[in-house]
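Work through the exercises below with the sequence and the model open. Each task is followed by its solution in steps.

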Amino acid sequence: IVPFLIAFIGTVGNIASDTANVIVPPVAGILFLAAGRHPVVGMICGYAGANAGFTANLMIAGTDSLLQGITNTAILTLIPDGSFQVDVTCNWFFMIASTFFCTVVIGGVVTLMVEPRFGKYTGDVEEMEEITDRQMKIEKNSAEQSKGLRAAGLFALIYIIILLVGFFTGPLAGENGAFIGSPFLSGLIPILFILFAGAGVACGLASGTFKGTAGITKAMNKQMAGMASFVSFTFFAGQFQSLFNWTKLGTMLAIVGADALESLGLVGIPMFVMFILLTTLINMFMSSGSAKWAILAPIFVPMLMAVGIAPELTQVAFRVSDSAVNVVTPMFAFYPLIILYCQKYCKKAGIGTLSSLMLPYTVALLIVLTILIGLLYYCVQKFFVYIQLFYDNLF
């Protein structure tokens with residue numbers, strides 16, 4: 001059950017965004033080592049869960065809100081008055097189902113395909129004892145660390161209680177207490193920001209890591225320095241989208257592309273397969289999901305809307321390809337980190353080693369999740385056909 005458990009934790013761990021990439025793989029390696037299995041296999045399993053299942057989750061995550069905003073901007077190409085927009089929950093049910101599919105697929109690939117290639121870990125006894133003593137021994141936190149953790153936990157508990165009270169008493173709930181369309185969902189990004197930032201500040205102040213506001217500012221500056229390249233990209237992505245809409249290129253490409261798709265017969269499921277394969281190819285050279293969607297959405301969202309495909313479905317097709325291919329491309333930001341993790345137990349591990357190990361996960365998830373999209377598309381179509389027939393017969 002260990003591979004499936006690690007795959008599940010890695011998949012739902014993306015609620016904390018990229019943090020799962022740093023935490024899950026090494027912990028997974030330790031768990032495999034404790035079970036007498038090869039630790040590199042555990043790390044690979046944790047890495048696959050945290051990335052191949054990156055956008056899948058049981059909860060609404062920051063990624064949902066980020067992609068939804070880009071999708072809504074792309075919709076303005078065809079519907080400039082903003083009368084139609086997608087909600088942050090537009091892919092939620094599919095992502096819930098994908099969480100369990102990713103868990104089963106990743107755990108199955110580990111058990112049936114990856115682990116047999118390694119066999120039992122053959123590290124020498126002294127190395128095993130050193131690793132066990134250093135990494136698996138539960139050490140007591142110092143008094144300062146314990147105090148900081150208690151403060152962070154207390155803040156998180158009080159904050160969650162406030163959110164629940166606000167939702168059930170009305171201010172954060174939608175019309176008639178609805179969850180979808182509520183201020184809670186529309187304000188999800190700042191809500192998550194306050195939760196994690198507040199818990200971090202509470203921990204730092206209580207443990208003495210932060211010496212007043214100057215320490216908090218210094219820590220924020222250090223973290224934002226690593227975001228400089230992303231901030232620069234979002235500036236140009238914003239300009240690109242604005243100019244794209246201003247020139248009406250998106251509308252023209254949507255009309256021409258829709259006509260081309262219809263003339264080639266590429267509508268429905270075959271068209272989704274082609275779109276997923278295109279995203280897969282692009283993902284090999286550009287790993288950032290938001291960057292790719294900022295470029296692809298203004299073209300493909302209106303184009304597929306013109307042939308009757310809802311933008312929610314186009315977005316979920318993109319998410320499937322983007323997440324499944326993340327683990328196999330060396331362009332991914334956390335690729336070098338995972339290689340370093342693996343080299344702790346396998347000195348010869350490199351880019352080729354990791355890519356060959358991750359390829360089965362990518363292929364298996366692309367196949368399974370593409371089939372899931374096809375089933376969703378087919379069932380939704382049939383559902384509305386039967387609803388129309390029922391309505392016609394009734395009246």
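**Exercise 1. Locate T55 and describe its surroundings.**

Step 1. T55 lies in the loop between α3 (39-51) and α4 (62-75); helices are DSSP runs of H or I with at least four residues, strands are runs of E with at least two, and both are numbered from the N terminus. The model is predicted, so local features need pLDDT of at least 70 and side-chain atom pairs pLDDT 80 or more, while totals for chains, interfaces and linings use all residues. Residues are numbered from 1 along each chain as its sequence is written, and side-chain values use heavy atoms, without hydrogens and water.

Step 2. Is T55 buried or exposed? Its relative accessible area is 6%, so T55 is buried (under 20%; exposed is over 50%, partly exposed in between, with a 1.4 Å probe and protein chains only).

Step 3. Leaving out residues up to four places away in sequence, T55 touches N14, T63, M95, R319 and S323 (contact: heavy atoms within 4.5 Å).

Step 4. V12 is 43 residues from T55 in sequence, and their C-alpha atoms are 8.7 Å apart.

**Exercise 2. Classify the ring pair of W92 and F93.**

Step 1. The structure has 5 aromatic pairs (rings of Phe, Tyr and Trp, the last by its six-membered ring, with centres within 6.5 Å).

Step 2. The ring centres of W92 and F93 are 6.4 Å apart and the planes meet at 20 degrees, so the pair is stacked (planes under 30 degrees apart; over 60 is edge-to-face, the rest tilted).

Step 3. F93 is exposed, because its relative accessible area is 69%.
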